[in-house]
Amino acid sequence: MERDIINQLVEWKNSTDRKPLLLTGVRQCGKTWAMNTFGQRYFEDVAYFVFEENQLLSSLFEYDLNVDRIIEELSIIHGKEIIVGKTLVIFDEIQACPKAITSLKYFCENKRDLHLICAGSLLGVAIKHENISFPVGKIDRMQMYPMSFSEFLRADGYEDIYKAVQKYPPDKNLPLFYTSTLEKELKYYYIVGGMPEAVLKWVSTHNFDAVDKILDNILLDYSNDFSKHAPINDIPKLGWIWDSIPKQLAKDNNKFVFSHVKAGKRSAELEDALEWLVNAGLIHKLELVKNPMMPLSFYADATFFKVYMSDVGLLRKKSGISYKIVLEDAALYQNFKGPFTENYVLTELIKLKLHPYYWNSQNTAELDFIFEYEDKIIPVEAKADIHTRAKSYSLFCKRYNPEIGLKFSMKNMGINNVENTKTFSIPLYLIWMLETYLKK
């Protein structure tokens, strides 16, 4: 299955000011596969080292941080010489060896021409919460996520449609020949999600029950991580927050409320556990902006936010929604369909390296997303079906007069004006084309 991050890794490889690369991302999103596949395609050799439960390897970094000595001894473990420019060196599960993380500073200063990539499960948590001397300014960073819908589409055998729809401009309807397949595949993506193991099971079997077993195991692994890696006092809190997410999203006003996590618990008692889940990549926080001015980060109110899961397939399974309900578009699914669509849209926007917020006007109107693109603030309304009438979107456009805006739904492509705002109608299954449309 092809992953878009391979192209980003190639850009890093060819960069003239390249530094050691730190690849972060939620557990089981495919980091190890991506690093090794990249190495096999673009280097003569891959020297792969995994630090977890490997005291022998970690001991190389305890003596000193002389990178020439370290490379020489790593070559002995690897069984062949590590050659600058020809060998890709991979440090996996690097969070298990804090000295190896510290050593990246010296690899940057003294061996910058060596291609070195580091990754690890819960690395974001380790960096934030453990006593690690982090090499600030001496590394490049790259974030990896579960597979996007476009990656899922290609993995499921529709590379031809993926290429063909890119030729269509955003002001003309896509032919039914494409939309029927894309609508079906999006429904499958809502069920399967983007965790690579689940996607691989789907494309090889097209068996939803087999996919559900994979998703159940991933959710169980995540819960087990709480007891293995989190501070002991936060373990029960993590479980409470984790279990509350579907219920919080199902509310009419799905703003995250700490008192809804556990009766009698206040935000001060739960905030650290929530941030642990964010740093682990398991959840995304969508913060409120009441005054949409640039830069949006200056005007974000971190005390008001919504919480979404990192993957729609995991959200569906954790919510107890049967794949049959999604396939049949059953009435039982209607109440959760809107928040489910929002979760999907958010993850797609994040994978496009956008940083969305949401807008609220004194609780009388609420817009699903706003984000910055170049010199513009762009409002976004997300709808689960083909109906796109939205009072909040119209109010935002009337009040702030943005140049362009977006409506994501199951409606076909097109452009119209809403309160003098040029508004693009983009189908949910084409969000991955957003940057192309915005450039045009």
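**Exercise 1. Determine in which helix of this predicted model Asp225 is found, whether Asp225 is buried or exposed, and which residues it touches.**

Solution. Step 1: Asp225 is found in helix H11, which spans residues 208-229. Step 2: the relative accessibility of Asp225 is 4%. Since buried means under 20%, Asp225 counts as buried. Step 3: leaving aside residues up to four places away in sequence, Asp225 touches Arg27, Leu122, Ala230 and Trp276.

**Exercise 2. Carry out the corresponding analysis for Asn343: give its helix, its burial and its contacts.**

Solution. Step 1: Asn343 has its place in helix H17, residues 331-351. Step 2: with a relative accessible area of 0%, Asn343 is buried. Step 3: when residues up to four places away in sequence are not counted, Asn343 touches Leu249, Tyr308, Met309, Val312 and Leu315.

**Exercise 3. Describe how helices H3 and H4 pack, and state which residues make the contact.**

Solution. Step 1: helix H3 comprises residues 55-63 and helix H4 residues 67-78; their axes lie 10 Å apart and form an angle of about 165 degrees. Step 2: angles over 145 degrees count as roughly antiparallel, and H3 and H4 are therefore roughly antiparallel to each other. Step 3: the crossing in which H3 passes H4 is right-handed. Step 4: H3 contributes Leu57, Leu60, Phe61 and Tyr63 to the contact, while H4 contributes Arg69, Ile70, Glu73, Leu74 and Ile77. Step 5: sorted by class, the residues of this contact are seven nonpolar, no polar and two charged.

**Exercise 4. State how many aromatic pairs a search of the whole structure finds, and classify the pair formed by Phe149 and Phe152.**

Solution. Step 1: the search of the whole structure yields 31 aromatic pairs. Step 2: the ring centres of Phe149 and Phe152 are 6.5 Å apart, and the ring planes stand at 25 degrees. Planes under 30 degrees apart count as stacked, so the pair of Phe149 and Phe152 is stacked. Step 3: Phe149 and Phe152 are three residues apart in helix H7 (residues 149-155), and are therefore separated by about one helical turn. Step 4: Phe149 counts as buried at 0% relative accessibility, and Phe152 counts as buried at 0% as well.

**Exercise 5. Classify the pair formed by Phe177 and Tyr178, and determine whether each residue is buried or exposed.**

Solution. Step 1: the rings of Phe177 and Tyr178 are 5.1 Å apart, centre to centre, with 75 degrees between the planes. Planes over 60 degrees apart count as edge-to-face, and this aromatic pair is edge-to-face. Step 2: Phe177 has 60% relative accessibility and counts as exposed, whereas Tyr178 has 13% and counts as buried.

**Exercise 6. Identify the residues that ring pairs link into a cluster with Phe149 and Phe152.**

Solution. The cluster linked by ring pairs consists of Phe149, Phe152, Tyr189, Tyr190, Phe336, Phe340 and Tyr344. Two of its members, Phe149 and Phe152, form the stacked pair of Exercise 4.

**Exercise 7. Characterise the peptide bond that joins Met294 and Pro295, and then the surroundings of Leu296.**

Solution. Step 1: the bond joining Met294 and Pro295 is a cis peptide bond, with omega about -5 degrees. Step 2: Pro295 has its place in the loop between strand E6 (283-289) and helix H14 (296-299). Step 3: Leu296 lies in helix H14 and is buried, its relative accessible area being 0%. Step 4: not counting residues up to four places away in sequence, Leu296 touches Val289, Tyr357, Ile370, Phe371, Glu372 and Ile377. Step 5: one of these contacts, Ile370, is 74 residues from Leu296 in sequence. In space, the C-alpha to C-alpha separation of Leu296 and Ile370 is 8.8 Å.

**Exercise 8. Give phi, location and exposure for His206 and for Lys353.**

Solution. Step 1: His206, although not a glycine, has a positive phi of about 50 degrees. His206 has its place in the loop between helix H10 (196-205) and H11. With a relative accessible area of 47%, His206 is partly exposed. Step 2: Lys353, also a residue other than glycine, has a positive phi near 65 degrees. Lys353 is found in the loop between H17 and strand E8 (357-361). At 65% relative accessibility, Lys353 counts as exposed.

Notes: Residues are numbered from 1 along each chain as its sequence is written. This is a predicted model: local features need pLDDT of at least 70, side-chain atom pairs count only at pLDDT 80 or more; totals for chains, interfaces and linings use all residues. Side-chain values use heavy atoms; hydrogens and water are left out. Axes are lines fitted to C-alpha atoms, for helices over the stretch in contact, and angles run from 0 to 180 degrees between N-to-C directions. Helices (H or I, at least four residues) and strands (E, at least two) are DSSP runs, numbered from the N terminus. Angles under 35 degrees count as roughly parallel, over 145 as roughly antiparallel, 65 to 115 as roughly perpendicular and the rest as oblique. A crossing is left-handed if the near helix is turned anticlockwise from the far one by less than a right angle, and right-handed if clockwise. Contact means heavy atoms within 4.5 Å. Ala, Val, Leu, Ile, Met, Phe, Trp, Tyr, Cys and Pro count as nonpolar, Asp, Glu, Lys and Arg as charged, and the others, Gly among them, as polar. Rings of Phe, Tyr and Trp (its six-membered ring) pair if their centres lie within 6.5 Å; planes under 30 degrees apart count as stacked, over 60 as edge-to-face and the rest as tilted. Buried means under 20% relative accessible area, exposed over 50%, partly exposed in between (1.4 Å probe, protein chains only).
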